[in-house]
Amino acid sequence: MPTTITREQIEQRVFTALEEFGAEPDQIGPDAEFEAMDVDSLDLVELAQIVEDEYGVQLKGEDMEGVKTVRQAVDLVMSKLS
Amino acid sequence: MKRQAVITGVGAVTPLGVGARTLHERWTAGQSGIEDGVGRCSEFEPKEHLSIKEVRRSDRFTQLALLAAREAVADAGWDDGPPVDRDRAACVMGTGIGGINTLETQHIVLREQGAERVSALSIPLLMANAASGVLAMKFDLHGQSFGTVSACAAGAHAIGMAQRLIAYGDADVVMTGGSEATLTPLATSAFARMEATSPTGISRPFDRRRDGFVMGEGAGVLILEEEEAAKARGARILGHVLGFGSTSDAHHLTAPEPEGRGAAKAIELALKDGGVNPDEVVYVNAHGTSTPLNDRAETRAIKAALGEERAKQVPVSSTKSAIGHLLGAAGAVEAIATVLALRDRIAPPTLNWEEEDEGMDLDYVPREARPLPNGDSRAIGLSNAFGFGGHNAVLCLEAH
């Protein structure tokens, strides 16, 4: 299953999650910073849970350290998939 | 002379609607917020009033507190944050149980989907101090903040602590009150199993046929400010928290001590703290749960504290007849109801009171509101709150 997942699909899923977290839709984009969207560590834990549910990728708290933008988060998921 | 705590703003969300004045006006008009035996805040839709983030980051008991607090702050005329050094602004919020909605929901997740699926937000949402922490963050209050947990006395305890924070000089303003949202399957079943709630679904405090309380939910928030500071900024002053008295029955886990000794002592302490004589009390907002035991013990306590003669002259009514029992929010919502009633010099009614019970012969203001004696007398009242665990908390309030 993981081989069929595209970068765009993951990015879209992250966008949807951010909207659910309360980020303004016009702020959301690949280079948007989580902090600027008022997305904090508790949200990122939830994001990790979503990614795990949907793509079977295990993300720990330490994996998320240094992840500041949507692009970095998607990169991280892609690297775990490969 | 101790530093005085004045009330500059109030806010409430109750089964009678959104707004403190809504509660006061509808209750005074004899309306009830109880439907199908439950006091639900059916006019409160979190997503209509709060941001997506606020809704996601809070249990319903905190959501109710957020809306009540927003109203109280606007009512107090605060602009952006507290009108004093923010380190001198405190927050004390009571709750009986806290985020039991979250607890129950996440426990289902745990059982059905496993430990990995439990939300990371579970604890910060369900903890009993969540409302006080969230309000401190939202309104930039950097002084002390904590929750009070004393079952159905929690809201009154919070206000009492707030008054003390101001009197002692620890804070110049305090956001305080209580909130509760326990209309959940577990809480509803548990109260029913202990036969605390009314099987008929009727809240009729002090009536001979009373058979238990009706569960309600809601929140009440008051802004207390140190009197001189409030006057200096030109705040409109609704009233004073004159006194606070608190005791323990140390008798039984749930039943009140039958003679109401602890409750009477709490009333006496509140009067003493406020420098008030029993003769100056013109209205009593009773705890009045509609349970057989509370209403009898409370009647005895009022008589013991005010004296038999004075007790029979003073109108005594129960807000719970109109909205049910808001548990940890009750003491706060009812303190607000008391202040607004005193301001209008009116005793709102005890709805559904029709039949006198033996030995329960106070003036319970049956069915219809009644004007309080006017004139030059001060508008001083008592608001009683008693909780499981034997906690008694009484506020002595004066309106202006």
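**Exercise 1. A residue with positive phi**

Is Glu195(B) buried or exposed, judged by the number of other C-beta atoms within 10 Å?

*Solution.* The structure is a predicted model, and its features are read here with that in mind. The place to begin is the loop of chain B between helix H9 (185-193) and strand E6 (218-226), where Glu195(B) is found. Next comes the count: 11 other C-beta atoms lie within 10 Å of Glu195(B). A residue is exposed if that count is 12 or fewer, and therefore Glu195(B) is exposed. The backbone of Glu195(B) adds a further detail, since phi is near 60°, a positive value in a residue other than glycine. Most residues other than glycine have a negative phi.

**Exercise 2. A second loop residue**

Work out the setting of Ala250(B) from its loop, its neighbour count and its phi.

*Solution.* In chain B, the loop between strand E7 (239-248) and helix H11 (261-274) holds Ala250(B). With 9 other C-beta atoms within 10 Å, Ala250(B) is exposed. Although Ala250(B) is not a glycine, its phi is positive, at about 50°.

**Exercise 3. The fold and extent of chain A**

Describe the secondary structure of chain A, and decide whether its radius of gyration agrees with the globule rule.

*Solution.* The first step is to list the elements: chain A has 4 helices and 0 strands, which run α-α-α-α from the N terminus on. The second step is the comparison with the rule, which gives 12 Å for 82 residues; the radius of gyration of chain A is 12 Å, close to that value, so chain A is as compact as a globular protein of that length. Along its principal axes, the C-alpha trace of chain A spans about 30 × 25 × 20 Å. Buried residues account for 24% of the 82 residues. Of the contacts in chain A between residues at least 6 apart in sequence, 53% join residues at least 24 apart. The confidence of the prediction completes the description: the mean pLDDT of chain A is 90, and 96% of the residues score at least 70, while among its elements H1(A) has the highest mean, 95, and H3(A) the lowest, 82.

**Exercise 4. One side of a helix**

Determine which residues of H2(A) are buried, how they are arranged around the axis, and what they pack against.

*Solution.* The length is checked at the outset: H2(A) has 15 residues, and the distance from its first C-alpha to its last is 21 Å, close to the 21 Å expected at 1.5 Å a residue. The buried residues of H2(A) are Asp43(A), Leu44(A), Leu47(A), Ala48(A) and Val51(A). Because they cover an arc of only 145° around the axis, they lie on the same side of H2(A). Their packing partners in chain A are helix H1 (7-21), helix H3 (61-64) and helix H4 (70-81). Just after H2(A), Gly56(A) takes a positive phi of about 70°.

**Exercise 5. The contact between the chains**

How many residues does each chain give to the contact, and which helix of chain A provides the largest share of its side?

*Solution.* Chain A gives 6 residues and chain B gives 6 residues. On the side of chain A that touches chain B, the largest share, 3 residues, comes from helix H2 (residues 41-55) of chain A. Sorted by class, that side of chain A has 3 nonpolar, 1 polar and 2 charged residues.

**Exercise 6. An enclosed helix in chain B**

Place helix H7 of chain B within its chain, and explain why H7(B) counts as largely enclosed.

*Solution.* The chain itself comes at the start: chain B has 15 helices and 13 strands, and buried residues make up 60% of its 400 residues. Its radius of gyration is 20 Å, which agrees with the value near 21 Å for a compact globule of 400 residues. Turning to helix H7 (residues 130-139), 7 of its 10 residues are buried, so H7(B) is largely enclosed by the rest of the structure. Among them are Val134(B), Leu135(B) and Phe139(B). The buried residues of H7(B) pack against helices H4 (60-76) and H6 (122-126), and against strands E3 (89-94), E4 (145-148) and E5 (173-180), of chain B. Just after H7(B), Asp140(B) has a positive phi of about 65°.

Key: Residues numbered from 1 in each chain as written. Chains lettered and ligands numbered in written order. Predicted model: local features only at pLDDT ≥ 70, side-chain atom pairs only at ≥ 80, totals over all residues. Contact = placed C-beta atoms within 7 Å. Helix = DSSP H or I, 4+ residues; strand = E, 2+ residues; numbered from the N terminus. Nonpolar A, V, L, I, M, F, W, Y, C, P; charged D, E, K, R; others polar. Buried ≥ 20, exposed ≤ 12 C-beta atoms within 10 Å, placed from the backbone. Rg over C-alpha atoms; globule rule 2.2 N^0.38 Å. Expected span 1.5 Å × (residues − 1). Arc of directions from axis to C-beta. pLDDT = per-residue confidence, 0-100.
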